[in-house]
Amino acid sequence: MSIYVGNLSYEVTQEDLSAVFAEYGSVKRVQLPTDRETGRPRGFGFVEMETEAEETAAIEALDGAEWMGRDLKVNKAKPREDRGPGGGGGGRRNNSFSRRY
């Protein structure tokens, strides 16, 4: 299982997040996704802990807690949806420039 951590400060590091969650058990992994174009943090992350009991304790303690000036959103991560090939954004483009008057 993985824990979703939202509303993070953009200055947070993996080490910061790991230290906070380590108070509730053994942290296996921390991920902080970054924006592809800018490389900046996206304001959320994922934490994996050793046991489900540790994850539950961390969720209960940290959801809604204020940290680094922000109220954290902490819950069980939902499985990532399969977006299929092409990255979305489908649909037809309307090029109105080709009209003749």
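Colleague: Where along the chain should I look for Ser 2?

Modeller: Ser 2 sits in the segment before strand 1. Helices (H or I, at least four residues) and strands (E, at least two) are DSSP runs, numbered from the N terminus. This is a predicted model, in which local features need pLDDT of at least 70 and side-chain atom pairs count only at pLDDT 80 or more, while totals for chains, interfaces and linings use all residues. Residues are numbered from 1 along each chain as its sequence is written, and side-chain values use heavy atoms, with hydrogens and water left out.

Colleague: Is Ser 2 buried or exposed?

Modeller: The label depends on relative accessible area: buried is under 20%, exposed is over 50%, and partly exposed is in between (1.4 Å probe, protein chains only). Ser 2 counts as buried because its relative accessible area is 18%. For the protein chain of 101 residues, the buried share is 27%.

Colleague: And which residues is Ser 2 in contact with, leaving aside neighbours within four places in sequence?

Modeller: Contact here means heavy atoms within 4.5 Å. With those neighbours set aside, Ser 2 is in contact with Phe 46, Val 47, Glu 48, Glu 55, Asn 75, Lys 76 and Ala 77. Take Val 47: 45 residues separate it from Ser 2 along the chain, yet their C-alpha atoms are 5.8 Å apart. For the whole protein chain, 60% of the contacts with a separation of 6 or more involve residues 24 or more positions apart.

Colleague: What pattern does the protein chain follow, read along the sequence?

Modeller: The order is β-α-β-β-α-β-β-β, made up of two helices and six strands.

Colleague: Let's step into strand 1. How do I read Ile 3?

Modeller: Ile 3 lies in strand 1 and counts as buried, because its relative accessibility is 0%. Not counting residues up to four places away in sequence, Ile 3 touches several residues, including Phe 21, Gly 45, Val 47, Ile 59 and Val 74. Gly 45 is 42 residues from Ile 3 in sequence, with 8.3 Å between their C-alpha atoms.

Colleague: Which residues touch the most other members of the largest nonpolar core?

Modeller: First, the general idea: in soluble globular proteins, nonpolar side chains tend to be buried together. A nonpolar core is a set of buried Ala, Val, Leu, Ile, Met, Phe, Trp, Tyr and Cys residues joined through side-chain atoms within 4.5 Å. Here the largest one has 17 residues, and Ile 3, Val 5, Leu 8, Leu 17, Phe 21, Val 47 and Val 74 touch the most other members. At least two residues of this core come from each of strand 1, helix 1, strand 3 (44–49) and helix 2 (52–62). Val 74, for its part, touches Ile 3, Tyr 4, Val 5, Phe 21, Ile 59, Leu 62 and Asp 63, again not counting residues up to four places away in sequence.

Colleague: How many aromatic pairs does a search of the whole structure find?

Modeller: A pair of aromatic rings is described by the distance of the centres and the angle of the planes. The search finds three pairs, and ring pairs link Tyr 4, Phe 44 and Phe 46 into a cluster. Rings of Phe, Tyr and Trp (its six-membered ring) pair if their centres lie within 6.5 Å; planes under 30 degrees apart count as stacked, over 60 as edge-to-face and the rest as tilted.

Colleague: Which side chain makes a polar contact with the side chain of Glu 48?

Modeller: Arg 29, at 2.8 Å from the side chain of Glu 48. A polar contact is a pair of N or O atoms within 3.5 Å; within protein, one must be able to donate a hydrogen and the other to accept it, and residues adjacent in sequence count only if both atoms are side-chain atoms. Glu 48 lies in strand 3. Ser 9 has a polar contact too, side chain to side chain with Glu 11, at 3.1 Å. Ser 9 is in the loop between strand 1 (3–6) and helix 1 (14–22), and counts as buried because its relative accessibility is 9%. Beyond four places in sequence, Ser 9 is in contact with Met 68 and Arg 70.

Colleague: What is the phi of Met 68?

Modeller: Most residues other than glycine have a negative phi, and most peptide bonds are trans. Met 68, not a glycine, has a positive phi of about 55 degrees; it is found in the loop between strand 4 (66–67) and strand 5 (70–71). Asn 7 also has a positive phi, about 65 degrees, without being a glycine, and is found in the loop between strand 1 and helix 1. Asn 7 is partly exposed because its relative accessible area is 33%, and Met 68 is partly exposed at 38%.
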